[in-house]
Amino acid sequence: MHIEQTEINGFLIDTFNQHKLDVGKTQGICPLCSHDRKPENRKQKCASYDWERGLGTCHNCNSSFQLHTYQRKGASDKEYTRPEPYIENLLKSKAIEWFEGRGISQGTLNDLKVGEGPEYMPQTGKKENTIQFNYIIGDQLINIKYRDGRKNFKLYKGAEKVFYNINSIVGYKDCIITEGEMDVLALHEAGVTNAISVPNGATLHHNNLDYLDNCIDYFEDKEKIILALDVDEPGLALRRELVRRLGAEVCFLVDFEDCKDANEYLTKYGKEKLQNCIAKARAYPLENVTTFKDIEGDVTDFVKNGFKPGFQIGLPNFDRIFSTYTGQFITVTGIPSSGKSDFVDQMVVGYNRNYGWRTGFASPENAPNYLHAHKLMRKVWGDMPQREDIGSNKWNEVADHVNDNFFFIDMEKYTLESVLRKGAELVKRKGIKCLVIDPFNKVRDKNASSIDVNIYTMEYLTKIESFAKKYDVLVFIVAHPTKMYKNSDGKIEEPNMYNIKGGGEWYDASYHGLLIHRDYDAKNTKVKVLKVKFQNLGDNGAECFFTWEPKSGRFVPDQASIAQEEPMPWE
């Protein structure tokens, strides 16, 4: 006796046996092609059914299909505008002809619920007839992508960003990610039905992956994720970020040969060759193993343009003496109450403003979290929020921004292993590009193999470096000096990296080192570059000065010191 399943791979079944097939049978007709076959072949058993996995495979049309529909998994906790419930707007003949010219049949358009209708397009300032790609999760319409005849696009205002056709990958151990809805249609036409698309294409510097945050649970069971993206610069940037978030070990790459994308490949070479192209996807380069082909693009760029500029925080006097790459770590030191944590906050807020980077904090020094959140809120806001600001549009805007971009790792006992594990989870689920450990002596390495301080320090920093490289994250380590010395005037001397417990290992292993030193008499804060690993990223020994603005908590370049600055060697 067959008992209906209620769940597959953690997804609750919404409609069991959506095609009304013979439940429990391992073979039968195909819901995709049997009705189009000759009358004498329509009842022929051309498909295999896997009820446990909820998938069917047709041996006639070489397509796969889902036996059930599923409820949404991992819904966002934010409130979004929802389009009106889906009403099937049938495509007119002219639109159908256009799709046929791109190799897409009406059957595929019906399967993926592509519609047509008038919509106001801001690019033209009037209503246009549009193609409408419906973004559906479970049985709910989440968003709509509109495309007019001039190739203008827009998404439904205020709606949640999710992957297009995300329902199609439930139950599969593999899936294909493309850069546009047309590529999904092309793959579906070729019988590759477990394909999805990003909603907003690819950009070179600011790939906002909110849609991945909102759909991350759909990838938990995936053993193979095929990235079928464009090979231009924006497409390569999107590829790198998806690999970083999803894990290189499950990612595979497609070579579309002389074509830009899947749809162009379909129109030029046909369905069967497109299927084969996807089947031949190659594994993403192995971790810790690099071939010339893997980095040929980087080599070419270096030959053409030289060193890539480092990332900067947006404070001109600091940016001229220091910048950095990701995949590295920065050691920040200074005497107590010198502003180390505050300046690190200023840096990550600057990276967030300039590049959209998100940050995870393991900061027992900044506890309780609400005070740390308040400090970040002030830096983002540029002012001290007052009681009357609570609930205002500005308050809500800044609060939402802090909520979406800064994450506090809150543990009863911090260990390096647990922090790095949580950091890896934040990379996957939230896309963080910065991780702050503040201070290092309160995030202990319980798995260190030696009690010798120098060996312990080197093991600690090696684990940090491995994490930074694997996830392409910039790590900040705030480290206090062990001793403080006074000069002949009674002033505390500036510490350096050798004053941190573990001494020379900090200087040798760190990519960069920064000193934050407050001069209470001069009422300013000095930031000094103690070490920069690559000469093109900064200047060892260079320093700049700031005053501290108490309302916003921001560091403001000290104008008097800027006037005395000497040009850098590269200026």
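Here is a short conversation about the predicted model shown above.

Reader: Let's start with the whole chain: what share of the residues of the protein chain count as buried?
Author: Happy to begin there. The protein chain comes to 16 helices and 25 strands, and its C-alpha atoms fill a box of roughly 105 × 60 × 50 Å along the principal axes. Of its 571 residues, the share that counts as buried is 50%.

Reader: And among contacts between residues at least 6 apart in sequence, what percentage join residues at least 24 apart?
Author: A contact here means heavy atoms within 4.5 Å. Among the contacts in the protein chain that span at least 6 positions, those joining residues at least 24 apart come to 64%.

Reader: Which helix gives the most to the largest nonpolar core?
Author: That core has 78 residues, and those with the most contacts inside it are Phe-99, Val-114, Phe-163, Ile-177, Leu-185 and Phe-219. With 5 residues, the helix that gives the most to this core is H3, residues 181–189.

Reader: How many residues are in the second, separate core?
Author: This core includes Met-347, Met-377, Cys-434 and Ala-542. Its count of residues is 37.

Reader: Back to Ile-177: which residue in S14 does it stand opposite?
Author: Ile-177 is one of the residues with the most contacts inside the largest nonpolar core. Its contacts, leaving out residues up to four places away in sequence, include Phe-163, Ile-196, Val-198, Phe-219 and Leu-246. Strand S12 (residues 174–178) and strand S14 (residues 224–228) run parallel and are joined by 5 bridges. Across that pairing, the residue in S14 opposite Ile-177 is Leu-227.

Reader: Which are the edge strands of the open sheet with S12 and S14 in its order?
Author: The sheet has 5 strands with mixed pairing, in the order S13-S12-S14-S15-S16. An edge strand here pairs on one side only, and the two that do are S13 (195–197) and S16 (282–283).

Reader: Which residues line the largest cavity?
Author: The count comes to 1 cavity of 30 Å³ or more, and about 30 Å³ of space lies in the largest cavity. By class, its lining has 4 nonpolar, no polar and 1 charged residues. The lining residues are Leu-227, Leu-229, Val-231, Arg-239 and Val-254.

Reader: Turning to the second largest pocket, which residues are the closest to its centre?
Author: This pocket has a volume of about 800 Å³. Of the 30 residues that line it, the closest to its centre are Gln-18, Gln-66, Asp-111, Lys-113 and Asn-165.

Reader: Which element gives the largest share of the lining of that second largest pocket?
Author: The lining of the second largest pocket divides into 11 nonpolar, 15 polar and 4 charged residues. Elements that give two or more residues to it include helix H2 (106–111), strand S9 (126–137) and strand S10 (140–148). The largest share, 3 residues, comes from S6.

Reader: In the hairpin of S9 and S10, which residue takes a positive phi near 65°?
Author: S9 and S10 run antiparallel and are joined by 8 bridges, with Ile-131 standing opposite Arg-147 in S10. The hairpin has 2 residues between the strands, and the residue with the positive phi near 65° is Gly-138.

Reader: S10 also pairs with S11, so which residue in the turn of that hairpin has a positive phi of about 65°?
Author: S10 is mostly covered, with 8 of its 9 residues buried. S10 and strand S11 (residues 153–155) pair in the antiparallel sense over 3 bridges, and Lys-145 stands opposite Leu-155 in S11. This hairpin has 4 residues between its strands, and the one in the turn with a positive phi of about 65° is Lys-151.

Reader: One last stop, at Val-443: is this residue buried or exposed?
Author: Val-443 has its place in the loop between strand S20 (432–437) and helix H14 (453–471). Not counting residues up to four places away in sequence, its contacts include Ala-362, Pro-364, Tyr-414, Ile-437 and Tyr-460. Val-443 and Leu-416 are 27 residues apart in sequence and 5.5 Å apart in space, C-alpha to C-alpha. Because buried means under 20% relative accessible area and the value for Val-443 is 0%, this residue is buried.

Definitions and conventions: Residues are numbered from 1 along each chain as its sequence is written. This is a predicted model: local features need pLDDT of at least 70, side-chain atom pairs count only at pLDDT 80 or more; totals for chains, interfaces and linings use all residues. Side-chain values use heavy atoms; hydrogens and water are left out. On a 1 Å grid over the protein atoms alone, a cavity is a set of points where a 1.4 Å probe fits but cannot get out, and a pocket is an open set with protein on both sides within 12 Å along at least five of seven lines; lining residues have an atom within 4 Å of a point. Grid points are joined across faces, edges and corners, and a volume is the space filled by probe spheres set on the points. Ala, Val, Leu, Ile, Met, Phe, Trp, Tyr, Cys and Pro count as nonpolar, Asp, Glu, Lys and Arg as charged, and the others, Gly among them, as polar. A nonpolar core is a set of buried Ala, Val, Leu, Ile, Met, Phe, Trp, Tyr and Cys residues joined through side-chain atoms within 4.5 Å. Buried means under 20% relative accessible area, exposed over 50%, partly exposed in between (1.4 Å probe, protein chains only). Two strands pair if DSSP finds at least two bridges between them.
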